[in-house]
Amino acid sequence: MRVGKTVGMALDPRLLEILACPDDKGPLLYFADEDSLYNPRLLRRYLVEDDIPNMLIDEAQTVDDDEHDRLMAKAESESISFTFTP
C-alpha cells in the first residue's frame with residue numbers, strides 16, 4: 001500500500017510530448033513542483049496525482065486571473081515550456 005506522495009517524481013518526458021488539453025487539444029505547461037498541468041488559454045489546471053495526470057475536463061480546476069498571472073510569471077522565470085509546439 002502506498003502512503004503519501006513520492007517527492008521529486010516527474011512525468012515521463014515522452015508522455016509530456018504528447019499531452020494536450022482534452023478540451024482545446026492545445027499544449028500545456030507542466031509545473032512538476034505543483035503536480036499540475038496548466039492550459040493558459042482556458043485558465044484550466046489539471047492535477048497530477050501519483051504521477052498520473054487527471055485529464056478529465058469535469059475535474060479540472062478553473063483558475064482566477066491572479067493565479068493565471070502567477071503561473072505565467074513562474075513559467076517565464078523558470079523557463080517552463082509547453083508540452084509540445086502546435
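## Close-up views of a predicted chain

**View 1. Residue E49 has I52 of strand β4 standing opposite.** What you're looking at is part of a predicted model. Strand β3 and strand β4 (residues 52-53) run antiparallel to each other and are paired over two bridges. Together β3 and β4 make a hairpin with two residues between the strands, and here D50 takes a positive phi near 50°.

**View 2. Strand β3 also pairs with β5.** Strand β5 covers residues 61-62, and its pairing with β3 is antiparallel, with two bridges. If you want a pair of residues to look for, try R44, which has T62 of β5 standing opposite.

**View 3. Strands β2 and β3 pair side by side, in the antiparallel sense.** Strand β2 takes up residues 36-39, β3 takes up residues 44-49, and four bridges link the two. Which residue in β3 is the bridge partner of L37? That's Y46. For N39, the bridge partner in β3 is R44. Four residues sit between the two strands of this hairpin, and one residue in the turn, L43, has a positive phi of about 55°.

**View 4. Strand β2 pairs with β1 as well.** These two strands run antiparallel and are joined by three bridges. One spot to find is F31, whose bridge partner in β2 is S36. β1 and β2 are another hairpin with four residues between the strands, and D35 in that turn has a positive phi of about 50°.

**View 5. Strand β2 is covered on both faces.** Side chains in a regular strand alternate between the two faces of the sheet. So what sits on each side of β2? On one side you'll find S36 and Y38, on the other L37 and N39, and all of them are buried.

**View 6. The largest nonpolar core is made of 11 residues.** L37 and Y46, the bridge partners from View 3, both belong to this core. Its other members include L11, L16, L19, L28, Y30, V48, M55 and A60. Take C21, another core residue, and skip its neighbours within four places in sequence: which residues does C21 contact? They are G26, L28, N39, R41, L42 and Y46. There's also a second, separate core with six residues, among them L29, Y38, L71 and A75.

**View 7. Residue H68 is tucked into helix α2.** This helix spans residues 65-77, and H68 is part of it. Is H68 buried or exposed? With a relative accessible area of 18%, H68 counts as buried, because the cut-off for that is under 20%. Beyond its neighbours within four places in sequence, H68 touches Y38, P40, L43 and V63. You've met two of these already: Y38 is in the second core, and L43 is in the β2-β3 turn.

**View 8. Residue D33 sits in the loop between β1 and β2.** D33 is exposed, with a relative accessible area of 56%. The side chain of D33 makes a polar contact of 2.7 Å with the side chain of K74. Now look for A10: D33 and A10 are 23 residues apart in sequence, and their C-alpha atoms are 8.5 Å apart in space.

**View 9. K25 and S79 each have a positive phi without being a glycine.** For K25 the phi is about 65°, and this residue lies in the loop between α1 (13-16) and β1. K25 is exposed, at 56% relative accessible area. For S79 the phi is about 55°, and you'll find this residue in the segment after α2. S79 is exposed too, at 65% relative accessible area.

**View 10. The whole chain has two helices and five strands.** Start at the N terminus and the elements go α-β-β-β-β-β-α. Out of 86 residues, 36% are buried. The accessible surface adds up to about 5,600 Å², with 54% of it belonging to carbon and sulfur atoms. The average pLDDT is 90, and 90% of the residues score at least 70. Where should you be careful? Over residues 1-7 pLDDT stays under 50, and the model gives this stretch four contacts beyond four places in sequence. Predicted coordinates should not be read in detail where pLDDT is low.

Notes. Residues numbered from 1 in each chain as written. Predicted model: local features only at pLDDT ≥ 70, side-chain atom pairs only at ≥ 80, totals over all residues. Heavy atoms only, no water. Core = buried A, V, L, I, M, F, W, Y, C linked by side-chain atoms within 4.5 Å. Buried < 20%, exposed > 50% of the residue type's maximum accessible area, 1.4 Å probe, protein only. Contact = heavy atoms within 4.5 Å. pLDDT = per-residue confidence, 0-100. Pairing = 2+ DSSP bridges. Polar contact = N/O pair within 3.5 Å; in protein donor to acceptor, adjacent residues only side chain to side chain. Areas by Shrake-Rupley, 256 points an atom, 1.4 Å probe, with all protein chains shown as cover.
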